[in-house]
Amino acid sequence: MAKGLLVTYALWATGGPVGLHHLYLGRDSHALLWMLTLGGGGLGWLLEFWKLPSFVAQANQAREQRRNHEELIPSLSPLRFVAQILVGIYFGFVALISLSFMTSFYVVGLPLAVGLGVLLVATVGNQTSDFKSTLGAAFFTSPLFYGRPIAILPISLTASITAQRHRRYKAPLGAETLTLRLYRLGLAYLAFTGPVAYSIFCNVAATLQCVTEVLGSFLYWFTFFPVFSHIVESILILPYQVWLLVGNPGFVSVSFQEWEKLFEFVRSFQDEKQQLAYQVLGLSDGATSDEINRSYRELVKIWHPDHNRHQVEEAQRHFLEIQTAYEILSRSRKSRDY
């Protein structure tokens, strides 16, 4: 049955942020993307207003024409590429919040989440990509940044480049019932939102700790890139600038105080991590770089698992704590020197 433009615009206006118009047009990947991001933060939904006629024409395209497309390679889309990176980062951030307690999370959970986010964007519309190659790139990149939340960025970038290299048009599929499509979308939606809901409502303390840790890692990383640091700073103070435009001084004051508390919380959490790192290495506050390096080398020799065959588990725990503490203090020193 041919799809109507007026019906598409009506669904876009009434349920666009949750992808109703994409569901009507048979664009299930796009519908799921909008469900999980609320229409790309609202911006993507608004920009679609001018693209709806092309979406309808694409949905009404004959199968013969789609079959001919199989021999072609879609043109490179910078917008799709950027969207892949951003959604990959978004999926990785959500995974860090809700699944970081898993064993081998940085080897399995994180690259899988980021790779699926990239693939979701890659399969929007009449295009797709190679799943094995994209996920493989994510899994190969992850060990290089093991244990670091900032790993989200290189994993997403590598997976997005791979997805673009293997881009192609979708093969024609037979008609599927609406019930089956809704069932599939529902499972995907629950798989994404279920762990997040559990973390937010049942594990609040750990969730706040993870969020502040990730924010701290990102803020630290951006200090080495002045241009990006300025951009991030502008984004973070954007809510305050919006509140200024509201024109209600009382509202602005209270809201800005709450916003300020968030950054104070992040900063205090980072300070607390540094204090614990000094304790792990047996040092006092303000220890020099030489003292940190010397203590790290001595403790690594003592607690290396190869030297503690009789207490492997305890040695591994201490060894990881020492490495983490050294990494925290090293990053703090580099940032201060910079």
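This passage describes the overall make-up of a predicted model, then two helix pairs, a loop glycine and a short strand.

At the level of the whole protein, the predicted model holds 17 helices and two strands. Of the 338 residues in the protein, 38% are buried. Contacts reach well along the chain: when pairs at least 6 apart in sequence are considered, 68% of the contacts join residues at least 24 apart.

A good place to begin the tour is helix α10, which covers residues 152–165. The helix has 14 residues and spans 20 Å from its first C-alpha to its last, close to the 20 Å expected at 1.5 Å a residue. Ten of these 14 residues are buried, so α10 is largely enclosed by the rest of the structure. The buried set opens with the run Ile152, Leu153, Pro154, Ile155 and Ser156, and it also takes in Ala159, Ser160, Thr162, Ala163 and Gln164.

One partner of α10 is helix α9, residues 131–141. In general, two packed helices are described by the angle between their axes and the distance between the axes. For α9 and α10, the axes come within 8 Å and cross at roughly 155°. Because angles over 145 degrees count as roughly antiparallel, α9 and α10 are roughly antiparallel to each other. Their crossing is right-handed. On the α9 side, the contact involves Ser133, Thr134, Ala137, Ala138 and Thr141, which meet Pro154, Ile155, Thr158, Ala159, Thr162 and Ala163 of α10. Sorted by class, the residues of this contact comprise six nonpolar, five polar and no charged. Several of the α10 residues named here also belong to its buried set, among them Pro154, Ile155, Ala159, Thr162 and Ala163. The spacing within the helix is worth keeping in mind: an α-helix has 3.6 residues a turn, so residues three or four places apart point the same way.

The loop between α9 and α10 contains glycine 147. With a relative accessible area of 37%, glycine 147 is partly exposed. Its C-alpha lies 9.4 Å from that of serine 104, although the two residues are 43 apart in sequence.

A second helix pair offers another geometry to look at. Helix α7 (residues 78–99) and helix α11 (residues 178–202) have axes that come within 8 Å and cross at roughly 45°. That angle makes α7 oblique to α11, and the crossing is left-handed. From α7, the contact draws on Tyr90, Phe91, Val94, Ile97, Ser98 and Leu99, while α11 supplies Phe192, Pro195, Val196 and Ser199. Eight nonpolar and two polar residues make up the contact of α7 with α11, with no charged residues.

Strand β1, finally, consists of residues 127–128. Glutamine 127 is buried, with a relative accessible area of 11%, and threonine 128, also in β1, is buried with a relative accessible area of 11%. Beyond its neighbours within four places in sequence, glutamine 127 is in contact with Pro74, Arg80, Ala122, Arg168, Tyr169 and Lys170. Threonine 128, with the same kind of neighbours left aside, touches Ala122, Thr123, His166, Arg167, Arg168, Tyr169 and Lys170. Both contact lists include Ala122, Arg168, Tyr169 and Lys170. For one of these pairings, threonine 128 with tyrosine 169, the C-alpha atoms are separated by 5.9 Å, with the two positions 41 residues apart along the chain as a sequence separation.

Methods:
Residues are numbered from 1 along each chain as its sequence is written. This is a predicted model: local features need pLDDT of at least 70, side-chain atom pairs count only at pLDDT 80 or more; totals for chains, interfaces and linings use all residues. Side-chain values use heavy atoms; hydrogens and water are left out. Helices (H or I, at least four residues) and strands (E, at least two) are DSSP runs, numbered from the N terminus. Buried means under 20% relative accessible area, exposed over 50%, partly exposed in between (1.4 Å probe, protein chains only). Contact means heavy atoms within 4.5 Å. The expected span of a helix is 1.5 Å times one less than its number of residues. Axes are lines fitted to C-alpha atoms, for helices over the stretch in contact, and angles run from 0 to 180 degrees between N-to-C directions. Angles under 35 degrees count as roughly parallel, over 145 as roughly antiparallel, 65 to 115 as roughly perpendicular and the rest as oblique. A crossing is left-handed if the near helix is turned anticlockwise from the far one by less than a right angle, and right-handed if clockwise. Ala, Val, Leu, Ile, Met, Phe, Trp, Tyr, Cys and Pro count as nonpolar, Asp, Glu, Lys and Arg as charged, and the others, Gly among them, as polar.
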